[in-house]
Amino acid sequence: MEFDLARARADTPGVAHVVHLNNAGASLAPRAVTDAMTRHLALESTVGAYEAAERAHEEVARAHDALAALLNAHPDEIAIMDSATRAWGMALSSIPLRRGDRVLVSPVEYGSNHISLLHLAERTGVRLEFLPVDGNGLVDTAALEQRLDERVKLVAMAHVPMHDGLVNPVAEVGKAVRRTDALFLVDACQSVGQLPVDVRDFDCDLLVGCGRKYLRGPRGTGFLYVARDVAPRLTPAVLGLDGVEWHGGEYRIAPGARRFETWEVNAAARIGLGVAVDYARGWGVERTWQRVRALAAGLRADLARVPGVTVEDRGVERCGNIALTFAGLDPFRVRAELLRAGINSWVCLDNAACHDMQQRGLSRLLRISVHYYNSEAELERLCSVLAGVTSGTKARAFA
């Protein structure tokens with residue numbers, strides 16, 4: 001069935017104002033999401049925030065069910081937080097690790113994750129090691145199997161890095177880790193909503209994601225998946241009222257992923273997250289992934305023909321994130337020219353991909369990231385403007 005681009009763009013008011021190619025940072029929200037959030041904020045302003053949350057209890061709670069359905073999980077395996085960074089940090093700090101334990105991580109780990117791991121190693125004395133990769137930059141599952149032993153207590157990896165288009169073989173890694181006692185933690189921030197993410201297929205114990213990227217939800221929303229059989233092994237470093245059960249003056253840590261949640265939430269944002277997930281499921285992530293992948297493949301080929309532009313992506317299967325460098329041009333200058341032409345993009349610094357970019361000698365990359373609502377005409381415009389920038393011609397304003 002032909003993709004209904006006209007409907008996707010009609011549902012997205014922002015496309016009338018900007019060519020948005022920063023979806024790996026934060027996508028344009030569909031009208032359904034912003035309408036739901038503004039309705040709730042209006043209700044809060046008239047009846048009070050606590051009272052509005054009571055009235056909208058089912059809408060607020062919907063996000064757990066929606067995410068569970070999206071990820072092929074149970075609702076009690078989902079905790080919702082204010083960011084993926086919070087979710088990842090809470091997950092990491094809850095794992096019982098001791099001096100001498102081995103922790104294996106992907107070289108393309110996001111900067112804040114990598115820093116948390118370095119901090120963990122300094123505090124606890126665990127041994128931090130990078131997962132082996134092949135010539136395409138992908139985690140080498142066969143080499144990994146040779147490194148797994150009883151001292152490996154955690155394997156953590158990014159499904160899709162924030163600065164590169166590669167898609168790591170998470171399911172294959174999960175199967176290898178499952179044959180050990182180690183826990184498997186997946187960062188799916190860049191993949192969830194962009195391509196199918198199934199926690200059963202991944203065979204992961206924990207997975208984090210956020211709402212603002214390819215799910216097209218609001219900022220300030222993140223989530224943590226915790227497998228039912230794993231939750232009892234995890235003790236959150238911080239507990240809140242919703243993370244415990246109170247019994248006659250004594251507390252008991254709540255079962256499942258709920259142990260990671262706190263009572264205070266941004267109700268409007270949580271409602272928006274639930275609507276965004278339902279909206280994504282309505283389109284079918286498998287279907288929209290085919291369009292994202294096709295758009296990105298065509299754009300990579302077109303960009304490679306623009307003089308002075310180098311596509312830095314690796315991998316075998318590649319996603320909607322495209323990394324670019326320019327001969328003699330700083331990516332910040334290129335981004336500024338794109339903004340003048342009404343095109344959004346983003347510059348990735350080496351601190352956001354600490355190990356990988358430094359190993360490759362890359363200090364800055366321009367990231368272009370497409371979504372299913374982007375049109376072919378928008379991508380043609382991007383290439384035209386970039387050709388003008390690299391040849392020294394000024395960018396024209398968006399019309």
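A cavity, for this tour, is a set of grid points where a 1.4 Å probe fits but cannot get out. Keep that in mind as you click around, and remember that the model in your viewer is predicted.

**Stop 1: the hole inside**

How many cavities of 30 Å³ or more are there? The count comes to one. About 50 Å³ of space lies in the largest cavity. To find the spot, select Gly 193, Tyr 214, Ala 280, Thr 288 and Tyr 372, which are the closest to the cavity's centre out of 13 lining residues.

Now colour helix H10 (267–283) and helix H11 (285–304), the elements that each give two or more residues to this lining. Which helix gives the most? That's H10, with four residues. If you colour the lining by class, you'll get eight nonpolar, four polar and one charged residues.

**Stop 2: from H10 across to H4**

Stay on helix H10 and pick Asp 278, which forms a salt bridge with Arg 62. The closest N and O atoms of this pair are 2.8 Å apart. Arg 62 sits in helix H4 (residues 57–71), and the two partners are 216 residues apart, so distant parts of the chain are linked here. Are these two buried, exposed or something in between? Arg 62 has 30% relative accessibility, so it counts as partly exposed. Asp 278 is partly exposed too, because its value is 28%.

**Stop 3: linking H14 to H1**

Next, select Glu 378 and Arg 9, whose side chains meet in another salt bridge, at 3.3 Å from N to O. Glu 378 belongs to helix H14 (residues 376–391), while Arg 9 belongs to helix H1 (residues 5–10). They are 369 residues apart along the chain. Check how covered each one is: Glu 378 counts as buried because its relative accessibility is 6%, and buried means under 20%. Arg 9, with 21%, is partly exposed.

**Stop 4: a loop meets H8**

Here, show Asp 205 and Arg 178, a salt bridge with 3.3 Å between N and O. Asp 205 is in the loop between helix H9 (199–202) and strand S7 (206–210), and Arg 178 is in helix H8 (residues 170–178). Along the chain, this pair is 27 residues apart. Asp 205 has just 3% relative accessibility, so it counts as buried. Arg 178 comes out at 34%, which makes it partly exposed.

While you're looking at charged side chains, select Arg 102, Arg 127, Glu 129, Asp 149 and Arg 151 together. Salt bridges that share partners join these five into one network. Across the whole structure, a search finds 24 salt bridges.

**Stop 5: a nonpolar patch outside**

Turn to the surface and select Tyr 50, Leu 241 and Trp 263. These residues form a nonpolar patch, and together they have about 410 Å² of accessible area. Zoom in on Tyr 50, which lies in helix H3 (residues 49–55). Why does Tyr 50 count as exposed? Its relative accessibility is 55%, and exposed means over 50%.

**Last stop: Ala 26**

Finally, go to the loop between strand S1 (19–20) and helix H2 (31–47), where you'll find Ala 26. Ala 26 counts as partly exposed because its relative accessibility is 24%. Try a distance label from the C-alpha atom of Ala 26 to that of Ala 301: the separation is 24 Å, with their positions 275 residues apart along the chain.

Terms used. Residues numbered from 1 in each chain as written. Predicted model: local features only at pLDDT ≥ 70, side-chain atom pairs only at ≥ 80, totals over all residues. Heavy atoms only, no water. Patch = residues over 30% accessible without salt bridge, like charges linked within 9 Å, V, L, I, M, F, W, Y side chains within 5 Å. Areas by Shrake-Rupley, 256 points an atom, 1.4 Å probe, with all protein chains shown as cover. Salt bridge = Lys/Arg side-chain N within 4 Å of Asp/Glu carboxyl O. Buried < 20%, exposed > 50% of the residue type's maximum accessible area, 1.4 Å probe, protein only. 1 Å grid on protein atoms, 1.4 Å probe; cavity = no way out; pocket = protein on both sides within 12 Å on 5 of 7 lines; lining within 4 Å. Points joined across faces, edges and corners; volume = space filled by probe spheres on them. Nonpolar A, V, L, I, M, F, W, Y, C, P; charged D, E, K, R; others polar.
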